[in-house]
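Welcome to the tour! Please open your viewer, show the chain as a cartoon, and get ready to select residues as we go.

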Amino acid sequence: MAAVKLSAKGVGSVVKIKVNGTLRNFIVVHQGKPSSIYDASCDGTWLLMEDIYETRQWHSSNVNDYANSTIHSYLNSTFLNLIDANIRAQIKQAKIPYRPGSGTSQSVNSGANGLSAKIFLLSDREVGYTQSNVNQYIVNDGAKLSYFQDGNGTTEKIAKLNGSATYWWLRSPHTSGSTNAWYVSSSGNAGGNHCTNAYGVRPALILPSTLLVSDDGSVNTNTAPSTPGSITVPGSIN
């Protein structure tokens, strides 16, 4: 079968990764580092599950501390282990921008001080929400990914669970208090609600751009062959 590098897949195209034994569609939402607030660990092909995988609480203790949240722990343990072992071994250990702790602070750790994660939720800024197009409780914990448009209610933000548009969680705290986090509504609008609510989960991850995609869309761990520097041909034997 023909194959191309992940780096050749256009933003918005779909590739397939096996999760819990079933091929799932993932959207290419960005190529490379989104901005200078990300370090080299985030330089690769950003993938987001096309459909909502399931619904889960953001934090079972109802505090908006993503680093210590129920969903962050689940994604980087139980969910991570559902991914095909060969692909799992290639997922980048990324340092993603995040707001440390809980409460109303909007201070963000980024670059080498970002939160270490292989699987993560996207942030409010990464999907195109800003303080100017939503409200003052948006945290600047990232930069817009190429796939998304700025603003509320844009159709590319809408995701489905079992065929129906459903709310899905972002990793960003809603800084009006200590108990809310941001989500994307079924119409693509930003909203905030209690972290104990069960909303949709769309896992995101970053893969090396050198991995290959087969013509059926499946990502595999092969890389393009390199040309040897020289070839030695044995002499003839008399």
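Is Arg-202 buried or exposed? Keep that question in mind while we take in the whole view.

**The whole chain**

Before you start clicking, note that this is a predicted model. Colour by secondary structure, and look for two helices and 16 strands. The radius of gyration is 19 Å, close to the 18 Å that the globule rule gives for 238 residues, so the chain is as compact as a globular protein of that length. Along the principal axes, the C-alpha atoms fill a box of roughly 85 × 40 × 30 Å.

Now switch on the surface. About 10300 Å² of the chain is accessible, and carbon and sulfur atoms account for 44% of that area. Of the 238 residues, 47% are buried. If you look at contacts between residues at least 6 apart in sequence, 61% of them join residues at least 24 apart. For the charges, colour the 18 positive and 14 negative ones: their mean positions are 2 Å apart.

**Stop 1: Arg-202**

Select Arg-202, in the loop between β13 (198-201) and β14 (204-207). Here is the reply to our opening question: Arg-202 is buried, because its relative accessible area is 2%, and buried means under 20%.

Next, show what surrounds Arg-202. Leaving aside neighbours within four places in sequence, the contacts of Arg-202 include Ile-27, Leu-48, Met-49, Phe-120, Leu-121 and Trp-168. Glu-50, Asp-51 and Lys-157 are also among the residues that Arg-202 contacts. Zoom in on Glu-50: its backbone oxygen is reached by the side chain of Arg-202 at 3.1 Å. Then add Val-14 to your selection. Arg-202 and Val-14 are 188 residues apart in sequence, and their C-alpha atoms are 14 Å apart in space.

**Stop 2: Ser-172**

Move on to strand β10 (residues 168-173), where you will find Ser-172. Ser-172 has a relative accessible area of 0%, so it counts as buried.

Which side chain joins that of Ser-172 in a polar contact of 2.8 Å? Select Asp-141, and you have the partner. Not counting residues up to four places away in sequence, Ser-172 also touches Ser-123, Asp-124, Ala-181 and Trp-182. For a longer look, draw a distance from Ser-172 to Gln-57: these two are 115 residues apart along the chain, with 14 Å between their C-alpha atoms.

**Stop 3: Thr-154**

Go to the loop between β7 (115-117) and β8 (160-161) and pick Thr-154. Thr-154 counts as buried because its relative accessibility is 12%. Show side chains here, and you can find a polar contact of 2.9 Å between Thr-154 and Glu-156. Setting aside residues up to four places away in sequence, Thr-154 touches Gln-149 and Gly-188.

**Stop 4: the loop between β1 and β2**

Two residues are worth selecting here. Begin with Ser-13, in the loop between β1 (3-5) and β2 (14-19). A polar atom of the Ser-13 side chain lies 2.5 Å from the backbone oxygen of Gly-10. Ser-13 also touches Phe-26, Ile-27 and Val-28, not counting residues up to four places away in sequence. You may remember Ile-27 from our first stop, where it was in contact with Arg-202.

In the loop between β1 and β2 you can also select Ala-8. Ala-8 is exposed, because its relative accessible area is 59% and exposed means over 50%. Add Tyr-38 and compare positions: Ala-8 and Tyr-38 are 30 residues apart in sequence and 22 Å apart in space, C-alpha to C-alpha.

**Stop 5: two asparagines and their backbone angles**

For the last stop, turn to the backbone angle phi. Most residues other than glycine have a negative phi.

Select Asn-20, in the loop between β2 and β3 (22-31). Although Asn-20 is not a glycine, its phi is positive, at about 55°. Asn-20 is exposed, with a relative accessible area of 51%.

Finish at Asn-162, in the loop between β8 and β9 (164-165). What is the phi of Asn-162 near? The value is near 55°, which is positive in a residue other than glycine. With the surface switched on, find Asn-162 once more: at 77% relative accessibility, it counts as exposed.

Methods. Residues are numbered from 1 along each chain as its sequence is written. This is a predicted model: local features need pLDDT of at least 70, side-chain atom pairs count only at pLDDT 80 or more; totals for chains, interfaces and linings use all residues. Side-chain values use heavy atoms; hydrogens and water are left out. Helices (H or I, at least four residues) and strands (E, at least two) are DSSP runs, numbered from the N terminus. The radius of gyration is taken over C-alpha atoms; the globule rule is 2.2 Å times the number of residues to the power 0.38. Buried means under 20% relative accessible area, exposed over 50%, partly exposed in between (1.4 Å probe, protein chains only). Contact means heavy atoms within 4.5 Å. Accessible areas come from the Shrake-Rupley method with a 1.4 Å probe; for residues, only the protein chains shown count as cover. Lys and Arg count as positive and Asp and Glu as negative; His and the chain ends are not counted. The place of a charge is taken as NZ of Lys, CZ of Arg, CG of Asp or CD of Glu. A polar contact is a pair of N or O atoms within 3.5 Å; within protein, one must be able to donate a hydrogen and the other to accept it, and residues adjacent in sequence count only if both atoms are side-chain atoms.
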